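The following exercises concern the structure shown below. Each consists of a task and a solution that proceeds step by step.

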Amino acid sequence: MDAGRNSQANPMKNRTSVERKSERELVVSRIINAPPRIVFEAWTKAELFQRWWVPKSFGLTLLSCELDVRVGGVYRLVFRHPDAPEPMAFHGRYLEVVPPSRLVWTNEEAGDNGQVTTVTFEERGDRTLLVMHDLYPSKEALDAGSGSTDGMDETFNQLDELLAGLSAERS
Amino acid sequence: MTLTGMKKHVGVLEQAGLVTTEKVGRVRTCRLGLRRLEEEVMWIESYRQLWDARFDELDEVVEELKRKERVDGRRKK
């Protein structure tokens, strides 16, 4: 059926997984069908990076892309989206650069609430296990970034209290 | 728990989308609403789709680099 046709059209496609590891961590992983040195190259050369970082299907246009990939070096990406009046800039600096296995960078567009991103490229035969780990300074920063509610814990605590109160009244 | 305290709690839950309430006569019935949890699940799925789309295009870039490497390798021999 559909699945069969898809896998025929793209037999090399691997699965992308996203997991919220903790209150402050988000992890994305996927197998890439190329050795780490090639994946690292595609991640660190601006002319290659800009060909995949902005998927065509998301309606974003990349206006500029500067990557100074060395420890302390800065990157800056500027996008335009039809729904946003002003272009959006994403920027930060590289904290660790270990070719071809590891990159760490900051995300500074949200000020102090930005996450620190660690990408590792692990050799798996002639393929690469890519793991991207985002560590946010607080649960609230991750929630704000994801558009989900602030203060979920508070609400759940209040729900607990409410239910405890109700069952106490019944007994 | 006092009735006033209870009303306050339900109000907070309602605002957060965790419960919905319906008043019939003197009785207000509360139901659990899962809107916020659904939002988080939906957000994670849309984030996964973004990365899936990125990786699909990354696949194309690395295939091209692999082809190039093979051609360059043959030239060097």
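**Exercise 1. Identify which residues touch the most other members of the largest nonpolar core, and establish which elements supply this core.**

Solution. In this predicted model, the largest nonpolar core comprises 19 residues. Those touching the most other members are A:I32, A:V39, A:A42, A:W43, B:L58 and B:V62. The next step is to assign the core to elements. At least two residues each come from helix 2 (36–44), strand 4 (74–80) and strand 6 (102–106) of chain A, and likewise from helix 2 (35–76) of chain B. Helix 2 of chain A provides the largest share, five residues. A further core, separate from this one, has five residues, among them A:V18, A:L26, A:Y136 and A:L142. Finally, consider A:W43: beyond its neighbours within four places in sequence, A:W43 is in contact with A:F49 and A:L103.

**Exercise 2. Determine which side chains of strand 6 of chain A are buried, and describe how this strand pairs.**

Solution. Begin with the side chains. A:L103 and A:W105 point to one face of strand 6 and are buried. A:R102, A:V104 and A:T106 point to the other face and are not buried. Next, consider the partners. Strand 5 (88–98) of chain A pairs with strand 6 in the antiparallel sense over four bridges, and A:V97 has A:L103 as its bridge partner. Strands 5 and 6 of chain A form a hairpin with three residues between them. Strand 7 (residues 116–124) of chain A also runs antiparallel to strand 6, joined to it by five bridges; here A:T106 stands opposite A:V116.

**Exercise 3. Locate A:P100 and state what the geometry of the peptide bond from A:P99 to A:P100 is, cis or trans.**

Solution. A:P100 lies in the loop between strand 5 and strand 6 of chain A. The bond from A:P99 to A:P100 has an omega near -5 degrees and is cis. For context, most peptide bonds are trans.

**Exercise 4. Describe the two faces of strand 2 of chain A and trace its pairing.**

Solution. Strand 2 (residues 25–32) has a covered face made up of A:L26, A:V28, A:R30 and A:I32. Its uncovered face consists of A:E25, A:V27, A:S29 and A:I31. One antiparallel pairing, over five bridges, is with strand 1 (residues 17–22) of chain A, and a hairpin joins these two strands through two residues. Another antiparallel pairing, over eight bridges, is with strand 8 (residues 127–135) of chain A. A:L26 can be followed through both: A:L26 is the bridge partner of A:R20, and A:D134 in strand 8 is the bridge partner of A:L26.

**Exercise 5. Explain why chain B is described as more spread out than a compact globule.**

Solution. First, list the elements: chain B has two helices and two strands, in the order α-β-β-α from the N terminus. Second, compare the radius of gyration with the rule. The value is 27 Å, well over the 11 Å that the globule rule gives for 77 residues, so chain B is more spread out than a compact globule. Third, examine further values. The C-alpha atoms fill a box of roughly 90 × 20 × 10 Å along the principal axes, and 13% of the residues of chain B count as buried. Chain B is divided into domain 1 (1–33) and domain 2 (35–77), whose C-alpha centres lie 46 Å apart.

**Exercise 6. State which element of chain B has the lowest mean pLDDT and which the highest.**

Solution. Chain B averages a pLDDT of 83, and 94% of the residues score at least 70. Among its elements, strand 2 (residues 27–32) has the lowest mean, 79, and helix 2 the highest, 87. For the complex, the predictor gives an ipTM of 0.75 and a pTM of 0.71.

Definitions and conventions. Residues are numbered from 1 along each chain as its sequence is written. Chains are lettered from A and ligands numbered from 1 in the order in which they are written. This is a predicted model: local features need pLDDT of at least 70, side-chain atom pairs count only at pLDDT 80 or more; totals for chains, interfaces and linings use all residues. A nonpolar core is a set of buried Ala, Val, Leu, Ile, Met, Phe, Trp, Tyr and Cys residues joined through C-beta atoms within 7 Å. A residue is buried if 20 or more other C-beta atoms lie within 10 Å of its own, exposed if 12 or fewer, and partly exposed in between; C-beta atoms are placed from the backbone. Two residues are in contact if their C-beta atoms, placed from the backbone, lie within 7 Å. The radius of gyration is taken over C-alpha atoms; the globule rule is 2.2 Å times the number of residues to the power 0.38. Domain bounds come from an automatic or database domain assignment. Two strands pair if DSSP finds at least two bridges between them. pLDDT is the predictor's confidence in each residue, from 0 to 100.
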